[in-house]
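Subject: Structure handover

Hi there,

Here is the structure I promised to pass on to you. Could you have it open while you read the notes underneath?

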Amino acid sequence: RWACVLRSAVAVQPLGGREHPMKPLISLCAAVALSTQRTCTSIVRVGQAVTAQRALIYVDPAEPEATTITAATRAQGALLIPVWSEAAADAICSRYSTESGLAEATRAAEAPRPGLEQDWAESRFGKTVQIAGVLCSSDAGLKTAERLQHVLAPAVSNGLLDARRDKFEMNEVLRRKGLPAAAQCAPADWEEALRFLHVLQRSSAAGLLRAVIKPRRGQASVLVGVATSVEQARSMYDAIRRSHISLDNSGGRASQPVIQEFLQGTEYVVDTVSADGVHKCVALWRYEKGARNGAPFVYLGDELVPAASEDACALLRYAEAVLTALDWRWGPAHMELMLTSDGPRLVEVNAGRFNGGDFKLVTDVCVGYNAYEVSVDAYLRRRAFRRLPAAPTSLRSAGRIVNLVSHAEGILSRDVCAPAGLQSLVRFEPHARVRGERVRRTVDLDSCAGYAYLLHTDESIVARDYRAICNADLFCTSLEDTESAHTSLSTDGGLDKNTQSTVVPVRVTDEADVANDRGRITEGAQLRSFGVQDSPSK
């Protein structure tokens with residue numbers, strides 16, 4: 001998961017002497033901001049006419065997608081102009097206020113404020129650059145990206161709609177458009193919240209309370225939980241009211257809670273890219289979540305599935321209807337859906353953002369393309385975009401991304417190693433891997449302990465290796481923590497869903513909670529040795 005790289009920008013935890021992962025991106029943005037005018041002097045001139053060079057603006061660049069987006073844009077002969085949103089710039093400057101030049105470099109690459117977009121573009125590019133579209137890698141930058149595309153690339157504008165970032169209002173838009181949506185409430189005070197909780201309890205067949213409570217403007221599953229009693233609900237309500245989960249509080253809703261009915265079913269993710277209102281599904285994932293460490297919704301893994309079954313077709317029809325209802329016509333989107341007994345229901349949609357995980361390897365091998373490059377095509381290579389199928393109905397290989405869960409917190413007492421004998425494991429990336437590094441107990445995406453990537457043509461081998469990683473006790477900090485970890489694992493391979501509603505997290509995470517160091521490692525062997533015969537090709 002992306003797990004908010006902007007939180008990494010303001011983190012205060014040391015990285016064991018390593019360079020902070022945001023510094024290269026800050027330097028990149030500053031260099032581009034200072035050299036763009038020199039770059040634009042290479043525009044081709046025919047007589048007195050000027051052929052404008054196409055360009056994409058890239059708001060809040062972040063890995064893992066920044067490298068792929070940069071390469072894909074340059075391959076089309078276009079410029080990539082990275083900028084920071086105001087929320088990201090403020091966070092970075094706060095983190096690096098004492099480090100010479102970094103704050104200044106960040107401000108030099110900050111996006112223009114509302115009303116100044118045309119002046120900003122004219123002063124930097126004149127008539128030599130044509131903005132073809134805008135991409136974004138952060139939750140906090142979505143509003144900025146939407147505005148820049150609306151003003152500077154009106155031919156591909158999605159309009160301006162706050163509901164795309166408001167976890168309450170997006171469902172209300174669906175309801176007004178006649179789409180089924182979860183019952184919900186955005187209470188102005190606790191009394192209104194209590195009345196809605198009583199409604200949910202009375203509507204339950206067993207008369208039991210199960211309510212999802214989450215921030216109205218949140219991310220990375222922070223402070224999302226299930227209340228099974230009024231007392232639990234009040235604790236969660238108060239925790240959200242005290243917190244600011246999103247760096248972008250432009251709508252004043254970062255600390256407002258939303259209460260929703262508990263959706264029972266299987267959760268899926270539909271990753272899409274749109275061009276002129278044509279929506280292509282580029283990946284369909286089945287999510288696995290479970291109760292861990294006192295939290296009900298800990299991500300365990302993402303399984304890539306073919307979009308061919310009756311359920312898959314229902315999910316894709318609903319996803320397309322959601323995008324249409326939200327007037328989304330251009331760019332990537334990441335949508336979480338629950339397949340209930342009554343059909344699909346929206347959990348949330350992230351319009352303008354990619355799937356937070358480093359999914360490129362898995363989708364390249366299993367599908368043959370990835371959302372990053374398809375998004376660039378949507379703006380720069382329409383013919384290539386149109387040639388893509390509506391959805392990947394078959395897969396070349398089985399693939400999963402495993403979310404590593406730490407049951408311990410503290411200083412590692414031993415190095416972190418993958419379980420032996422995993423035939424499908426191609427990458428193993430714990431955030432803390434060396435004895436002496438600090439690990440956090442996993443309760444949400446923000447505290448995910450790392451990732452493992454599984455690929456093999458034999459689906460049963462991938463499933464077996466997935467279960468082995470989920471069962472493994474990977475992170476040890478002390479004898480006490482190790483024993484505690486063993487007792488917190490479920491008896492069904494780490495995948496028992498029946499414990500989902502038994503506990504409720506009340507954890508307040510401030511803006512400087514953790515550094516998300518996601519250093520990459522090279523794949524351990526040729527993909528062919530894991531049963532994957534076809535090399536990915538677009």
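Below is what I found, going from the whole chain to single elements and then to the aromatic rings.

Please keep in mind that this is a predicted model.

**The chain as a whole**

There are 538 residues, and 60% of them count as buried. The secondary structure comes to 16 helices and 19 strands. Among contacts with a separation of 6 or more, 72% are between residues 24 or more positions apart. The exposed area of the chain is about 21500 Å², and 49% of that is supplied by carbon and sulfur atoms.

**Strand E7 and its partners**

A good place to begin is strand E7, residues 211–215. Five of its five residues are buried, so the strand is largely enclosed by the rest of the structure. In a regular strand, side chains alternate between the two faces of the sheet. In E7, Ala211, Ile213 and Pro215 point one way, while Val212 and Lys214 point the other way. Note that Lys214 is buried along with the others.

Which strands does E7 pair with? One is E8 (residues 225–227), which runs antiparallel to E7 and is joined to it by three bridges. Another is E9 (residues 257–261), also paired in the antiparallel sense, over five bridges. Ala211 has a bridge partner in each of them: Ala227 in E8 and Glu261 in E9.

**Four helices**

Helix H11 covers residues 310–325. From its first C-alpha to its last, H11 reaches 23 Å, close to the 22 Å expected for its 16 residues at 1.5 Å a residue. Its buried residues are Ala312, Leu315, Leu316, Tyr318, Ala319, Val322, Leu323 and Ala325. An α-helix has 3.6 residues a turn, so residues three or four places apart point the same way. You may like to view the buried positions of H11, including Ala312, Leu315, Ala319 and Val322, with that in mind.

What covers the buried residues of H11? The cover includes helix H8 (169–176) and the strands E10 (266–275), E11 (278–292), E13 (331–340) and E14 (343–351). After H11 comes Asp327, which has a positive phi near 55°.

Helix H7, residues 142–152, is mostly covered, with eight of its eleven residues buried. The buried set contains Leu142, Thr144, Ala145, Leu148 and Leu152, and also Glu146, Arg147 and Gln149.

Two single residues in other helices are worth a look. Thr106 sits in helix H5 (residues 102–108). Is Thr106 buried or exposed? Its relative accessible area is 0%, so Thr106 is buried. Ala88 is 18 residues from Thr106 in sequence, and their C-alpha atoms are 9.2 Å apart.

Arg74, in helix H3 (residues 65–75), is a residue to view alongside Thr106. With a relative accessibility of 60%, Arg74 counts as exposed. Between Arg74 and Ala55 there are 9.4 Å, C-alpha to C-alpha, for a sequence separation of 19 residues.

**Aromatic rings**

The chain has six aromatic pairs. One of them is Trp120 with Phe125, an edge-to-face pair with 5.6 Å between centres and 85° between planes. Both rings belong to buried residues: Trp120 has a relative accessibility of 8%, and Phe125 has a relative accessible area of 6%.

Another pair is Phe354 with Tyr372: the planes are at 80°, so this pair is edge-to-face, and the centres are 5.0 Å apart. What does this pair tie together? Phe354 belongs to the loop between E14 and helix H12 (360–366), and Tyr372 to helix H13 (residues 371–380), so the pair links parts 18 residues apart in sequence. Phe354 is buried at 4% relative accessibility, and Tyr372 is buried with a relative accessible area of 1%. Ring pairs also bring in Phe359, giving a cluster of Phe354, Phe359 and Tyr372.

**Charges over rings**

Finally, two charged side chains lie over ring faces. Arg210 lies over the face of Phe262, 3.9 Å from the ring centre. Lys280 lies over the face of Phe385, and here the distance to the ring centre is 5.5 Å.

Happy exploring, and do write back with any questions!

Best wishes

Methods
Residues numbered from 1 in each chain as written. Predicted model: local features only at pLDDT ≥ 70, side-chain atom pairs only at ≥ 80, totals over all residues. Heavy atoms only, no water. Helix = DSSP H or I, 4+ residues; strand = E, 2+ residues; numbered from the N terminus. Buried < 20%, exposed > 50% of the residue type's maximum accessible area, 1.4 Å probe, protein only. Contact = heavy atoms within 4.5 Å. Areas by Shrake-Rupley, 256 points an atom, 1.4 Å probe, with all protein chains shown as cover. Pairing = 2+ DSSP bridges. Expected span 1.5 Å × (residues − 1). Phe/Tyr/Trp six-rings, centres within 6.5 Å; stacked < 30°, edge-to-face > 60°. Lys NZ or Arg CZ within 6 Å of the ring centre and 35° of its normal.
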